[in-house]
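Work through these exercises with the model open. Each has a task and a stepwise solution.

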Amino acid sequence: MRGFLTFSPGVSPRAVRPIGVTCAAVAALLPAPPARAVPAAPATAAVPAATPVTAVGEPTGGAVPGRTRSLPLAPLSRTRAAGAAPEQGVYRAATGRFALVGVVWDDPGSALRGRARVRTRSAGTGRWTGWRDIETHHADHGADPGAADRAARPVRGGTAPLWVGASDGVEVRVRAEGTGGADGTGTGDRRAGAVRPAASSGPSSRLPSGLRLELVDPGGDAGGTADAEPGAKSGEPGEAAPGSGPADDPPHTELDTEASIAASGANSDITAFGATEIPELDRQATEDEMTLLLGPARTKPYIGPRPRIVTRRGWGADESLRERGFVYTKKIKAAFVHHTASGNTYTCAQAPSVIRGIYRYHVRSMGWRDIGYNFLADKCGTLYEGRAGGVAKAVLGAHTLGFNTDSMGIAVIGTYGTARPPGAAVTAVARLTAWKLGLYGVDPRAKTQLTSGGGNLFAKGRSVRLNVISGHRDGYATECPGKRLYAELGTARTGAADYQGR
């Protein structure tokens, strides 16, 4: 049981490039697994075939092209007065379409101690929104020091991504802490239990270098098209115009690419190759599948019925964006629950667009190898595959700085500091953990020991006792997953245990 699916068949425990094959030969993707992995039995007709996605807004069957545009921030004139807090910003009345924004900077080790605010112009009505805050404390979502994400490409610091809907104009202001913001409010770190930096000796903190506004078009109708509005201006001299330059990605919509084959093949032990969803199973079918994967159990397993999970192909992931290969840990001992801090204004039909936006932001803007979360859940309770590598496998994520090894990250899409999470989302967390933890013989109500990879609560190498289902804040001083969602974790634990039959 402990060796279950330690690696994707045929994939090294370290990040490696998948073997190029054709769709017809996907079974040949996989040579013998590493010696310490338990070989998985091939799927049989007893496991139901996948069906097309119908309950989400954008059944795609392939990648949806999108675009990321980066705008440098510049000092604002009013901050030149003596003693004024540093403030930078940018205004563009014609940007082309985008639906998600965030602010990034050069050094991932630097914190943005201050406030970031944005207003956008609706692509549909032409009206400007009011000012909205962007969550600036996002360093706690990320890869552990020395992890594959930090070696794959240059990694940047960044805020949380904010979903703004289909927009074509933007203004952002980033102000250092120390004095009131533009509306007279303070800008300090108000997180309960946060580890605050030492007070600065001057009137205000400095802003990190290389601040840039990221405008993410996730592609698809729900988030705006990839093309600029007719007559839209291309931007200031020296900037990449919409639809051109290194920030624009060629569309990869075919399944028969090396990266797409590998992503779909990682789930081929439990569903059809190229499926847009992994179908729900009842308890008996789930136990039968577990027997196929692991062999006969000595005792009746505690495992929840497998829930329906929309695959990366189902939500339209462009597999050309991420780093090749997959990275695995030994097992799954814990599940960390997050919120994306991206706002609650999205509709459930837009959830695939939101995920594509977060994926693009994590990879293109933050420099990670893939989306950080292993799974996501929307407000209607639909579950989505996050980081590629196989939903039943121990895929190394970048979700809880210091505790990504031997854990999985589940992000509920939205912001749940003051807003109560929908019951359907909490139930989705319970169902997913009942199944996934059950595969590894773990009781959702129990506690477990994890070794810290380094963070602001626990030093690197320290053994920490945590709930099997923990909130992000249990492993790092942060508000995530929001006060209201964190308060629901007891319900999720109890529900997951019930689904497991405990």
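**Exercise 1. Classify Arg117, then examine its salt bridge.**

Step 1. Arg117 has a relative accessible area of 13%. The cut-off for buried is under 20%, so Arg117 is buried. The model is a predicted one.

Step 2. Find the partner. Arg117 forms a salt bridge with Asp133, and the closest N and O atoms are 4.0 Å apart.

Step 3. Place both residues. Arg117 sits in strand β5 (residues 114-122) and Asp133 in strand β6 (residues 132-134), so the pair ties together parts that are 16 residues apart in sequence.

Step 4. Classify the partner. Asp133 has 42% relative accessibility, so Asp133 counts as partly exposed.

**Exercise 2. Is Glu287 buried or exposed, and what does its side chain meet?**

Step 1. The relative accessible area of Glu287 is 8%, so Glu287 is buried.

Step 2. Its side chain meets that of Lys300 in a salt bridge, at 3.2 Å from N to O.

Step 3. Glu287 belongs to helix α3 (residues 283-294), while Lys300 lies in the loop between α3 and β11 (309-310); the pair therefore ties together parts that are 13 residues apart in sequence.

Step 4. Lys300, at 60% relative accessibility, counts as exposed.

**Exercise 3. Analyse the salt bridge between Arg173 and Glu171.**

Step 1. The closest N and O atoms of the pair are 3.5 Å apart.

Step 2. Arg173 is partly exposed, at 22% relative accessibility. Glu171 counts as buried, at 13%.

Step 3. Widen the search. The whole structure holds 18 salt bridges. A network of salt bridges links Arg312, Glu319, Arg322 and Asp370.

**Exercise 4. Which strands pair with β3?**

Step 1. Locate β3. Strand β3 covers residues 87-92, and 5 of its 6 residues are buried.

Step 2. Strand β2 (residues 74-75) pairs with β3 in the antiparallel sense over 2 bridges. Pro75 has Gln88 of β3 as its bridge partner.

Step 3. Strand β8 (residues 162-176) also pairs with β3 in the antiparallel sense, over 6 bridges. Here Val172 in β8 is the bridge partner of Val90.

**Exercise 5. Check the span of helix α6.**

Step 1. Helix α6 runs through residues 423-439, which gives 17 residues.

Step 2. At 1.5 Å a residue, α6 should span 24 Å.

Step 3. The end C-alpha atoms are 25 Å apart, which agrees.

Step 4. Add the surroundings. Of the 17 residues in α6, 13 are buried. Gly441 follows α6 and has a positive phi, near 70°.

Methods. Residues are numbered from 1 along each chain as its sequence is written. This is a predicted model: local features need pLDDT of at least 70, side-chain atom pairs count only at pLDDT 80 or more; totals for chains, interfaces and linings use all residues. Side-chain values use heavy atoms; hydrogens and water are left out. Helices (H or I, at least four residues) and strands (E, at least two) are DSSP runs, numbered from the N terminus. The expected span of a helix is 1.5 Å times one less than its number of residues. Buried means under 20% relative accessible area, exposed over 50%, partly exposed in between (1.4 Å probe, protein chains only). Two strands pair if DSSP finds at least two bridges between them.
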